[in-house]
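Trainee: Please take a close look at one part of this model and tell me how it packs against its surroundings. Some context on the whole chain would also help.

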Amino acid sequence: MAEQNSIVKCLVWDLDNTLWQGTLLEDGTVTLPAPVRELIAELDSRGILQSVASKNDHDLAWKQLEALGVAEYFVLPHIGWGPKSDSVREIATELNFALGTIAFIDDQPTERAEVQFHLPEVRCYDAERLSELSALPEFNPATVTVDARRRRQMYQAGFERKAAEAQFQGPSEDFLRSLELVMRIGRATEEELSRVEELTLRTSQMNATGVHYSITDLRALLADPRHEVLVTTLTDRFGPHGAVGLQLLEKHEGVWHLKLLATSCRVVSFGAGSAILRWLGDQAAQAGVHLAADFRQTERNRMMEIAYRFAGFTDDPCACRAELPAPAQEEIQRLHLSPAPSGPPPTMELHAVSLQGV
């Protein structure tokens, strides 16, 4: 097996004599050892997804997982009679995960060998190693964010949402309305900081400057009364999208300085960036101040520039910029907005903190 250093993002389980003790079609009854149940829950709490690749009767095996009380933990289960390498490959493809982030566990050496032969990047484990799995470095992410702890629920909601969209007949805007989207913007909490840091680090297409803020940086901004560290979360009728946006705002007497706007690429089609910018514009207008935003063009964030322009930001000269320090980097543009309040788009309900009088 090739050496792997990355964290496992999905563990694919065999069932017979691996996840449970016994062979379902031969024994009729099987048992789930307590340590295995605990391992399933522990990996789930770390944000590691879990699936199934088992040669079994699908309906019978799934009913058994439900009876054992663990069916909810498994996404995209592949239970049938085809090669397990095909099942593992399809799971990785449907999750859009690289094969090097997938692990497979099975009690049968021939099954592990078959997967390893066709998918050498996949890490394969003997079921006898179950007791040590949770202690292995590849199953221990350095940081477990708020969203990581509910990653499974977010993926399951995403699968349902995708299926509903495929069946929906009508304009895409009508489908967005049917989702009953609710956006919440609030001040970041200590618990959310690791996810906020992740947004600045991993978001490239919808990051206005490409600047990375560490947890230490963010903690200092939280403690500064002139700064607002705001987190945007999104939910719909299928479930949570988690934290999908970050805004770093510094307040001056006559102008609010939006140092960073970053949103997850997962919610671009929902118009999340536009909703955030409209809300910020409303808040600034109600406070009687101008709103200036930093933007630095990168190879990937053209969509963010478009969002700013559609929201009414321009690079026209404005006296309000005299209140702000010069940009830290020469390539940073300072865009300006002084709109009338416009409110969120009609496809989304918005609940947010008030920035007035702060």
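Mentor: Contact here means that heavy atoms lie within 4.5 Å. With that cut-off, the buried residues of helix α5 pack against β2, α4, β4 and β5. Those buried residues are Glu111, Arg112, Glu114, Val115 and Gln116. Bear in mind that the model is predicted.

The part I would look at is α4, one of the elements that α5 packs against. Helix α4 runs over residues 84-95, and its 12 residues should span 16 Å at 1.5 Å a residue; the end C-alpha atoms are 17 Å apart, which agrees with that expectation. Seven names make up its buried set, in sequence order: Lys84, Ser85, Ser87, Val88, Ile91, Ala92 and Leu95. Viewed down the helix axis, this set falls within an arc of 165°, so the buried residues line one face of α4.

The cover over that face comes from several parts of the chain. Among the strands, it includes β1 (10-13), β2 (49-55), β3 (78-80) and β4 (102-106). Helices contribute too, with α5 (109-118) and α8 (151-167) included in the cover. Both β2 and β4 also appear in the list of elements against which the buried residues of α5 pack.

Now follow the chain out of the helix. Just after α4, asparagine 96 takes a positive phi of about 60°, and this residue is not a glycine. Asparagine 96 sits in the loop between α4 and β4. Its relative accessibility is 69%, and because the cut-off for exposed is over 50%, asparagine 96 counts as exposed.

A positive phi also occurs ahead of β3, one of the strands that cover α4. Leucine 76, again not a glycine, has a phi of about 50° and lies in the loop between α3 (58-67) and β3. At 17% relative accessible area leucine 76 is under the 20% cut-off, so it is buried. Asparagine 96, by contrast, is exposed.

Two further sites relate to these elements. Leucine 25 belongs to helix α1 (residues 24-27) and is partly exposed at 47% relative accessibility. Beyond its sequence neighbours up to four places away, leucine 25 touches Asn56, Asp57, Leu60 and Trp81. Its C-alpha atom is 13 Å from that of glycine 80, which is 55 residues away along the chain. Arginine 129 lies in the loop between β5 (123-126) and α6 (130-133); it is partly exposed, at 29% relative accessible area. From arginine 129 to aspartate 107 the C-alpha separation is 9.6 Å, across 22 residues of sequence.

For context, the chain holds 13 helices and 12 strands. Buried residues are 50% of its 358 residues, and 69% of the contacts with a separation of 6 or more join residues 24 or more positions apart. The C-alpha trace spans about 80 × 45 × 35 Å along its principal axes. Of an accessible surface of about 16600 Å², carbon and sulfur atoms account for 50%. There are 34 positive and 51 negative side chains, and the centres of these two sets lie 5 Å apart.

Methods: Residues numbered from 1 in each chain as written. Predicted model: local features only at pLDDT ≥ 70, side-chain atom pairs only at ≥ 80, totals over all residues. Heavy atoms only, no water. Helix = DSSP H or I, 4+ residues; strand = E, 2+ residues; numbered from the N terminus. Buried < 20%, exposed > 50% of the residue type's maximum accessible area, 1.4 Å probe, protein only. Areas by Shrake-Rupley, 256 points an atom, 1.4 Å probe, with all protein chains shown as cover. Lys, Arg positive; Asp, Glu negative; His and termini not counted. Charge placed at Lys NZ, Arg CZ, Asp CG, Glu CD. Expected span 1.5 Å × (residues − 1). Arc of directions from axis to C-beta.
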